[in-house]
Amino acid sequence: MKREEEKLRRLFKEWGKNQQPSISFESIWQKTKRKQAIQAVSYRIALVTAVLLAILIIQPQQLFMKEQINTATSGQKEIIMKGSVIGLSTKIVIRGQSNLPEGAVIQAVLSEDAEGKIVVLKETVKVDKRGDFTFVLQRPVIERDYVLSVAFLPELQPQSIQQIYGERGEQIEQGDATFTYGKDGMTYRGLKLYDWILGIKGTTAGQDTFLSSQLRDYPKN
Amino acid sequence: MKKVEFQLSKHEAEQLFREYGEYVYRTALFLTRSRTHADDIVQETFVRIYTKFHTYDKAKPIKPWIYKITINVTRNYLKKQKIYNLFKAGKLTNDHSYDSLESVYLHKAELNELWELVNKLSQKSREILILHYYLELTLPEIAEILDVPLGTCKSRLHTALTQLRKKAKEEHLFYFMEDSV
């Protein structure tokens, strides 16, 4: 065994005596430097790419989160409501359209003064599945003028509607028709439209007007 | 990602090349049987040594680390060559000059015959023979270089020697046979 090993050692020794690489150290050194430079550039590119990717991934997430926070903190929902008023001889018909869900309660109030302090009639109806509602009010005194208000009031709403707009209307987006009011020491936000109900005097033609967010000036004949 | 480091000075790098360059070349030459390939392997091996020098454990001898890189580079090179030749529908390229007796400087007939036998062995057998008998690495060192258990390493050496004995007997190469001196 030892002799075999000696022979193999001798064989390799003899064979290797004059085997020399033809490549020089300088060329290897230059290649090493080039490779090192490429690696350094690749490292920087990878670093920049990683940073860019991180920005691209993180930023939209942050924007999405911001949006979510805004929605959560504001959670505002716009209520659109409009309507027309038709004055008949003994009745007043109010036809309204809204984006409110079915079951939302709308209140109509007839009062003798613009501030709504002297209330003579108060009625509520529910919005149908199309968001429409209709009041048919009996004129208390046919010849008399009244102030009509048609309102969405949060405290009158069933629970399913309060869940959407808040128990005190805190989720209602502020707009031209929104208003705040106090009740039992709490502040509420609702939505109210106004119109004049013109009394029938002599041969006065039937009223056909629209509800508006502000009570208009009293019409002159 | 690890930052690229380069800790060797040019002088140190040159010293390493002078000390181990020929061994690396001869190992590659023996395994690839091609001077061109051997030169390529020397270049790739030393580029790797220089660029990966920061990964070398300074507490350990450098020789096995260098030869481990040599073996790995050679294996990768041979794999690439095999794929390349597959598409070329040819065999692994050999330098004709490598096989000629003059070029390998084995003037003694018996050594030439033994050399031919060694070259007929499998890749694994040739790897272990050159690592052990030429580079004079111990079996535990070879096991580490080849990433195999020590037992596998011993077994490979045993197989290589058995194959060589068998071939020597078949070829009537009495020079290598145990009972002839």
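This short presentation describes a predicted model with two chains, A and B, and how they meet.

Good morning, colleagues. I shall take chain A, then chain B, and then the contact between them.

Let us begin with the make-up of chain A. Its secondary structure comes to 3 helices and 9 strands. Read along the sequence, the pattern is α-α-β-β-β-β-β-β-α-β-β-β. Of the 221 residues in chain A, 23% are buried. If we take the contacts in chain A with a separation of 6 or more, 58% of them are between residues 24 or more positions apart.

The strands of chain A bring us to a sheet. In what order do the strands of the open sheet in chain A run? The order is β5-β2-β1-β9, 4 strands in an antiparallel pairing. At the edges stand β5, residues 132-138, and β9, residues 208-210, of chain A; each has a single partner strand, so one side of each is left without a neighbour in the sheet. From one strand to the next, the twist averages 15°.

We can now go through the sheet pair by pair. Strand β2 of chain A, residues 91-98, is joined to β5(A) by 7 bridges, and the two run antiparallel. Within β5(A), Val136(A) is the residue that stands opposite Val93(A). On to the next pair: β1(A) and β2(A) also run antiparallel, joined by 7 bridges, and a hairpin of 3 residues leads from β1(A) to β2(A). Met81(A) has Ser98(A) in β2(A) opposite it. Finally, β1(A) and β9(A) are joined by 3 bridges and run antiparallel. There, Val85(A) stands opposite Thr209(A) in β9(A).

Strand β1(A) merits a further word. In a regular strand, side chains alternate between the two faces of the sheet. Which residues make up the covered face of strand β1, residues 81-87, of chain A? They are Met81(A), Gly83(A), Val85(A) and Gly87(A), while Lys82(A), Ser84(A) and Ile86(A) make up the uncovered face.

I turn now to chain B. It has 9 helices and 0 strands, so its elements, from the N terminus on, simply read α-α-α-α-α-α-α-α-α. Buried residues account for 32% of its 181 residues. Among contacts in chain B between residues at least 6 apart in sequence, 64% join residues at least 24 apart.

Since chain B is helical throughout its listed elements, let us look at how some of its helices pack. Two packed helices are described by the angle between their axes and the distance between the axes. Helix α1 of chain B, residues 10-32, packs against helix α2 of chain B, residues 35-51, at an angle of about 140°, and their axes are 8 Å apart. The two helices, α1(B) and α2(B), are therefore oblique to each other. Their crossing is right-handed. Among the residues that make this contact are Leu16(B), Phe17(B) and Val24(B) of α1(B), together with Ile41(B), Val42(B) and Phe46(B) of α2(B). By class, the contact of α1(B) with α2(B) has 13 nonpolar, 4 polar and 1 charged residues.

Helix α1(B) also packs with α7(B), at an angle of about 150° and with the axes 10 Å apart. That makes α1(B) roughly antiparallel to α7(B). Here too the crossing is right-handed. From α1(B), Arg26(B), Thr27(B), Phe30(B) and Leu31(B) meet Arg126(B), Glu127(B), Ile130(B) and Tyr134(B) in α7(B). This contact divides into 4 nonpolar, 1 polar and 3 charged residues.

We come, lastly, to the contact between the chains. How many residues does each chain give to it? Chain A gives 29 residues and chain B gives 36. On the side of chain A that touches chain B, α1, residues 2-16, and α2, residues 25-73, each supply at least two residues. By class, that side of chain A has 12 nonpolar, 8 polar and 9 charged residues.

One helix pair spans the two chains. The axes of α1(A) and helix α7 of chain B, residues 123-134, come within 9 Å and cross at roughly 90°. The two helices, α1(A) and α7(B), are therefore roughly perpendicular to each other. Glu5(A), Leu8(A), Arg9(A), Phe12(A) and Gly16(A) in α1(A) meet Leu129(B), Ile130(B), Tyr133(B) and Tyr134(B) in α7(B). The residues of this contact divide into 6 nonpolar, 1 polar and 2 charged. Helix α7(B) thus meets α1(A) and also α1(B), with Ile130(B) and Tyr134(B) taking part in both contacts.

Thank you for your attention.

Key. Residues are numbered from 1 along each chain as its sequence is written. Chains are lettered from A and ligands numbered from 1 in the order in which they are written. This is a predicted model: local features need pLDDT of at least 70, side-chain atom pairs count only at pLDDT 80 or more; totals for chains, interfaces and linings use all residues. A residue is buried if 20 or more other C-beta atoms lie within 10 Å of its own, exposed if 12 or fewer, and partly exposed in between; C-beta atoms are placed from the backbone. Two residues are in contact if their C-beta atoms, placed from the backbone, lie within 7 Å. Ala, Val, Leu, Ile, Met, Phe, Trp, Tyr, Cys and Pro count as nonpolar, Asp, Glu, Lys and Arg as charged, and the others, Gly among them, as polar. Two strands pair if DSSP finds at least two bridges between them. Axes are lines fitted to C-alpha atoms, for helices over the stretch in contact, and angles run from 0 to 180 degrees between N-to-C directions. Angles under 35 degrees count as roughly parallel, over 145 as roughly antiparallel, 65 to 115 as roughly perpendicular and the rest as oblique. A crossing is left-handed if the near helix is turned anticlockwise from the far one by less than a right angle, and right-handed if clockwise.
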